[in-house]
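Colleague: Before I plan anything at the bench, could you take me through this model and say what each statement rests on?

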Amino acid sequence: IKHVSPDTETNMQKDAAHGPRDMESCPEAQPLLDGKVTAVSYTPHACQRDVASNSVSLVVTGNAAYLPADCNGHYPCLDVTRILCVFLCVVDHGGTKFGVWNTMYVQSWVLQFLYYVCGFVFGMSSRPLLGYCCRLSLYFVIGVTVNLSAWSLAGKSWRNNVFGMVFQFWFVFGLILFLLALAPLKRCLANVRDVARSTHWPSVSIVGGFGTSMAEPDNLWELARELAKGLMVMTVSCGVVHSLNKLVAMPVLVALFTGPLQSTIEGMGESSKFWGLPEGIDRSEWQAFIAQMLKDSEISVTNTLIVLVFIRITSRLPLTLWVLFLNTYLHKCMLYRSQTCRMLNAFDYTLMGLSFHYLGLAGRRVIGEYVTRYWFMFLFTCSLLWQPGMFGRFDESPPTDLSVRFRYYLLEFWFAIFFFTAIERVVDERIFTKDRLHFLSHWALLIFLIHNFFVVLANQMGYWCMLVGTILLCKLLFGGDQPKATRDKPSSRDGGNGDL
């Protein structure tokens, strides 16, 4: 088994496309998977094994890293997550009450998982940033055109409510801005990851804190030392950002919102009230609003600084995401944040997904095993945090009560742990290889683009007929392009046992 150099990352991804996801069946990989060996990322460059007359390339990753792709080079867990989350968003936009009652705890994971996936896939992509953003911009233009057509047919005036007309495509617009902002950080993370991979095994200098490694901490003392570094970076970052907001950002933004941007705000119409924007140009009201907005934005700015600084001083890169968790949810639980923080939260989720792709998460294998083994305790904990009778869209109007806020954001953190440690364990790739449901990816994109057209013009019965009818349409259009269904062979999740 050879070490992966920075120049062979593409080859590693190609090897992963032909390798099994069941690493536990590989004797060479077992010591690493059992946690007996701390290592970075490895791939067998020349070593292959003949199984049933087929040459299968084995891929071994560190305990903190994301598991490799399936035999077709896809990530079924990410595909299923994206399809499910888009579907639930579309159901919520159709006028149902599931979101208000937080059915299936959707407020704590649907949009969050979508942005996790966006950040992770952005890290995986080798597409130039311009091409990436142009493709998203094309979806934005198509979708806004569809929404505008619906509003015109319904006789609605979109000029007084541009925000409401664009509707779900602010998700795409915001994502474009996030990717532009995170592009320099992506290059930085890639460079740091490649430097860490240049170390075959954790050396004495790294254990002593003078190097960088993708390995996890070897002992509790090292773990405590690295987390102390994270706390120091978090504290200093918060102080710096708060000072800059008060001394620089506050006067500049007040001047902009009460001056050149006032006409733009008036054009938002009723949507400006949803975001809590003051009416008119009263300076005191705008000062209060901007002070709250800057307070809300401190988490996102400090999270970015934490990643930039912590990866430079830590000797254990997979701990970075834990520091992000600590900074994010400590702020969310203890401090009230207004409804304007919704898009800022989305930036944080994208940043987490991007950081996870490059740096992994320390302890994810062990935690993931326990999460899936005791899944019933996971659900029981969710029911304790979201108690029966709780009502409201806390993602749109954050709770002011400390105890409610603490439970709500702890529930969100609980689902974040689930995604980053166990998402690939709960998705069976046979959804695509045997059941041949690849066309659902096209269906999810289609309904995301057109569903608001039916929200405006159709009743709820017609809306659901659209959802079901588009499934059949995508099956006819894209079902024939799928590979033939494989025999009902054992899944990697079954450990290779056909009886399971």
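The conversation below moves from the overall make-up to single residues.

Modeller: This is a predicted model, in which local features need pLDDT of at least 70 and side-chain atom pairs count only at pLDDT 80 or more, while totals for chains, interfaces and linings use all residues. Residues are numbered from 1 along each chain as its sequence is written, and side-chain values use heavy atoms, with hydrogens and water left out.

Colleague: How many helices and strands does the protein have?

Modeller: Helices (H or I, at least four residues) and strands (E, at least two) are taken as DSSP runs, numbered from the N terminus. On that basis the protein has 4 strands, and the number of helices is 20.

Colleague: What percentage of the residues in the protein is buried?

Modeller: Buried means under 20% relative accessible area, exposed over 50% and partly exposed in between, with a 1.4 Å probe and protein chains only. Of the 500 residues in the protein, the buried ones make up 50%.

Colleague: Which helix gives the largest share of the largest nonpolar core?

Modeller: A nonpolar core is a set of buried Ala, Val, Leu, Ile, Met, Phe, Trp, Tyr and Cys residues joined through side-chain atoms within 4.5 Å. The largest one has 105 residues, of which W109, Y116, F325 and F420 touch the most other members. Its largest share, 13 residues, comes from helix α7 (residues 170-197).

Colleague: How far apart in sequence are the parts that F325 and F420 tie together?

Modeller: Rings of Phe, Tyr and Trp (its six-membered ring) pair if their centres lie within 6.5 Å, and planes under 30 degrees apart count as stacked, over 60 as edge-to-face and the rest as tilted. The centres of F325 and F420 are 5.8 Å apart and their planes are at 50°, so this pair is tilted. F325 is buried, with a relative accessible area of 3%, and F420 is buried at 0%. Because F325 lies in helix α13 (residues 320-334) and F420 in helix α17 (residues 402-422), the pair ties together parts whose separation in sequence is 95 residues.

Colleague: What is the angle between the planes of F120 and F356?

Modeller: F120 is in helix α4 (residues 110-124) and F356 in helix α14 (residues 341-359), 236 residues apart, and both are buried. Their rings form a tilted pair at 6.0 Å centre to centre, with an angle between the planes of 40°.

Colleague: Which side chain is joined to that of N303 by a polar contact?

Modeller: N303 belongs to helix α12 (residues 283-313) and counts as buried at 2% relative accessibility. A polar contact is a pair of N or O atoms within 3.5 Å; within protein, one must be able to donate a hydrogen and the other to accept it, and residues adjacent in sequence count only if both atoms are side-chain atoms. At 3.0 Å, such a contact joins the side chain of N303 to that of T328.

Colleague: Where in helix α9 does the kink lie?

Modeller: The bend at a residue is the angle between axes fitted to the seven residues ending there and the seven starting there. In helix α9 (residues 220-257) a kink of about 45° comes shortly before the proline P251, at A249.

Colleague: Is M104 buried or exposed?

Modeller: M104 is found in the loop between α3 (76-93) and α4, and has a positive phi of about 60° although it is not a glycine. At 53% relative accessibility, M104 counts as exposed.
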